[in-house]
Amino acid sequence: GHGGLPTDILEAVEAERKGRRREMGELAAYLNTSLAEIRSQTAILFDKLPPTHDPSATVMIAEEPESLESIVKNLLRPERDARADLAASLDAERASRVQDLDNERATRIREMYDLR
């Protein structure tokens, strides 16, 4: 029914599709959480406005997006840190494997010389 494609290919495509759907769901949840946090931080900023609601104060906050920018940066930092940690652990694992291979090679070379 699928143009004669082998079943294992169809299963792999379906698994990939499910994985992407799950990842998109996780991303959507992360973005929703981030937006909720930005909204709450924005509400806190507006609560700090003078009670008279002086229009110049509103303009001042509108012209200073640094606070909103820092909120977004803080939200992104954990993911960036997680990526850096993952990269560091992969580098450490790679270095460890290279060291193991070097040790194994040295052992084999010693054994070869011992046999001569």
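Student: With which residue does Arg97 form a salt bridge?

Tutor: This is a predicted model. Arg97 lies four residues from its partner in helix α3 (residues 66-115), so about one helical turn separates the two. The closest N and O atoms of the pair are 2.8 Å apart, and the partner is Glu93.

Student: Is Arg97 buried or exposed?

Tutor: A residue counts as exposed when its relative accessible area is over 50%. Arg97 has a value of 52%, whereas Glu93, at 37%, is partly exposed. Arg97 is therefore exposed.

Student: How far apart are the closest N and O atoms of Arg105 and Asp102?

Tutor: Arg105 and Asp102 are three residues apart in helix α3, which puts about one helical turn between them. An α-helix has 3.6 residues a turn, so residues three or four places apart point the same way. Asp102 counts as partly exposed, at 31% relative accessibility. Arg105 and Asp102 form a salt bridge, and the closest N and O atoms are at a distance of 3.1 Å.

Student: Which residue forms a salt bridge with Arg108, and lies three residues from it in helix α3?

Tutor: The separation of the two residues is about one turn of helix α3. Arg108 is partly exposed at 43% relative accessibility, and its partner is partly exposed at 38%. With the closest N and O atoms 2.8 Å apart, the partner of Arg108 is Glu111.

Student: Which residues are linked with Arg108 in a network of salt bridges?

Tutor: Side chains of opposite charge can pair when their charged atoms come close. One link of Arg108 is the salt bridge with Glu111. The network joins Arg108 with Glu111 and Glu104.

Student: How many salt bridges does the structure hold?

Tutor: Among them are the pairs Arg97 with Glu93, Arg105 with Asp102 and Arg108 with Glu111. For the structure, the number of salt bridges is eight.

Student: How far apart are the end C-alpha atoms of helix α1?

Tutor: Helix α1 covers residues 7-47, which is 41 residues. At 1.5 Å a residue, the helix should span 60 Å. The distance between the end C-alpha atoms agrees with that span, at 59 Å.

Student: Which residues of α1 are buried?

Tutor: Buried means a relative accessible area under 20%. In α1, the residues that meet this cut-off are Gly19, Ser34 and Ile38.

Student: What is the area of the nonpolar surface patch made by Leu5, Ile9 and Val13?

Tutor: Leu5 is located in the segment before α1. At a relative accessible area of 46%, Leu5 is partly exposed. Together with Ile9 and Val13, Leu5 makes a nonpolar surface patch of about 240 Å².

Terms used
Residues numbered from 1 in each chain as written. Predicted model: local features only at pLDDT ≥ 70, side-chain atom pairs only at ≥ 80, totals over all residues. Heavy atoms only, no water. Expected span 1.5 Å × (residues − 1). Buried < 20%, exposed > 50% of the residue type's maximum accessible area, 1.4 Å probe, protein only. Salt bridge = Lys/Arg side-chain N within 4 Å of Asp/Glu carboxyl O. Patch = residues over 30% accessible without salt bridge, like charges linked within 9 Å, V, L, I, M, F, W, Y side chains within 5 Å. Areas by Shrake-Rupley, 256 points an atom, 1.4 Å probe, with all protein chains shown as cover.
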